[in-house]
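Below is a briefing on one protein chain, arranged by topic. Please keep the sequence and the coordinates open while reading.

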Amino acid sequence: MYDFDLEDWTPADDRVAKAIEDLWLHAPDLHPVAAQIAPDGNEQFLALGDLATPWSPDGYPWLRVVHIARDPWTATVHVEHARAATLALAEGWLLERGADPDRLVRDADQLAPADTVTREIERRTRDAGNRLRLLAHSGAYDTDQDVETWVLMHDDAPVHAELPFVVQIERILREPWAYAVREECFPDRDTAEQWITTREGSRSQPSAADSSGRTQAAAHSRTATPSCPGPTGPTVAHLAQRPGTSPTTGPGR
């Protein structure tokens with residue numbers, strides 16, 4: 001259960017009161033994934049994993065993002081929260097609301113990125129702001145199978161103008177225990193959705209070979225813009241399960 005510590009604060013308005021009510025309702029299932037908390041505790045930027053996700057409908061986002069700003073002069077609090085389909089998109093939401101990328105820290109108990117490609121994908125998507133519009137996503141949280149999630153987005157300012165539709169794939173790898181992310185870009189939504197079903201001609205299937213570095217030769221420019229074709233971009237993280245343990249929220253970063 002996550003304690004938002006809001007009991008002694010007055011909601012700034014009715015919208016905030018409703019947001020706080022929603023957070024308290026879900027708090028028993030929320031677990032910290034990434035956070036930045038001001039030294040005085042008055043402002044918090046939170047990405048929280050929802051442990052109830054495996055029992056929710058397919059495609060249910062596993063992350064909740066929360067921005068809390070307390071005003072000690074008036075004893076009021078402003079709260080905004082939303083669902084997020086991927087950790088990089090969640091972090092991007094927090095950055096847009098003033099989080100410092102150098103101080104937004106991922107929980108050490110989460111799974112680690114498998115390779116530099118995954119890290120670069122997430123960095124670029126996190127920094128893209130609201131240019132990437134989520135169209136669809138789906139995730140499977142059955143830990144007896146390969147855990148994989150896809151996200152379909154539209155890039156409003158693509159590097160390759162003829163390829164504005166972005167599909168991002170994330171897969172949990174069991175040897176080593178980590179997560180890998182890859183991306184494909186397409187000229188239209190129909191083609192992207194067909195590829196999601198068939199995976200024909202895919203370059204986006206992460207494997208243990210990727211994480212060992214044998215397939216990291218595909219270089220990617222250090223820009224804030226996803227650069228299809230080729231693997232870039234993040235996707236939804238999952239509740240993966242280590243042998244002999246209970247599920248952990250997301251591919252823990």
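The points below go from the whole chain to its nonpolar cores, its strand pairing and one helix.

The model is predicted. Its protein chain has 253 residues, of which 52% are buried. The secondary structure consists of five helices and 10 strands.

**Whole chain**

- The accessible surface of the protein chain is about 11500 Å². Carbon and sulfur atoms account for 51% of that surface.
- Of the contacts between residues at least 6 apart in sequence, 62% link residues at least 24 apart.

**Nonpolar cores**

- The largest nonpolar core contains 16 residues. Phe4, Val66, Ile68 and Val79 have the most contacts inside this core.
- Two or more residues of this core come from each of helix H1 (14–26), strand S3 (43–50), strand S4 (63–71) and strand S5 (76–84). The biggest contribution is that of H1, at four residues.
- A second core, separate from the largest one, has 15 residues, including Val33, Leu87, Leu94 and Leu95.
- As a general background, nonpolar side chains in soluble globular proteins tend to be buried together.

**Surroundings of Phe4**

- Which residues does phenylalanine 4 contact, once its neighbours within four places in sequence are set aside? They are Leu23, Ala27, Leu30, Gln44, Leu46, Leu48, Val66, Ile68 and Arg70.
- Val66 and Ile68, both on that contact list, are also named with Phe4 among the residues that have the most contacts inside the largest core.

**Strand pairing around S5**

- S5 pairs with S4 in the antiparallel sense, through nine bridges. One bridge pair places isoleucine 68 against valine 79 in S5; Ile68 and Val79 are also two of the residues with the most contacts in the largest core.
- S4 and S5 make a hairpin, with four residues between the two strands. In the turn, alanine 75 has a positive phi of about 60°.
- S5 also runs parallel to strand S1 (residues 10–11), to which two bridges join it. Threonine 10 is opposite threonine 76 of S5.

**Helix H2**

- How many of the 10 residues in helix H2 (residues 87–96) are buried? The count is nine, and the helix is mostly covered.
- The buried residues of H2 are Leu87, Ala88, Leu89, Ala90, Glu91, Gly92, Trp93, Leu94 and Leu95. Among them, Leu87, Leu94 and Leu95 belong to the second core.
- Glycine 98, just after H2, has a positive phi of about 110°.

How values were computed: Residues numbered from 1 in each chain as written. Predicted model: local features only at pLDDT ≥ 70, side-chain atom pairs only at ≥ 80, totals over all residues. Heavy atoms only, no water. Buried < 20%, exposed > 50% of the residue type's maximum accessible area, 1.4 Å probe, protein only. Contact = heavy atoms within 4.5 Å. Areas by Shrake-Rupley, 256 points an atom, 1.4 Å probe, with all protein chains shown as cover. Core = buried A, V, L, I, M, F, W, Y, C linked by side-chain atoms within 4.5 Å. Pairing = 2+ DSSP bridges.
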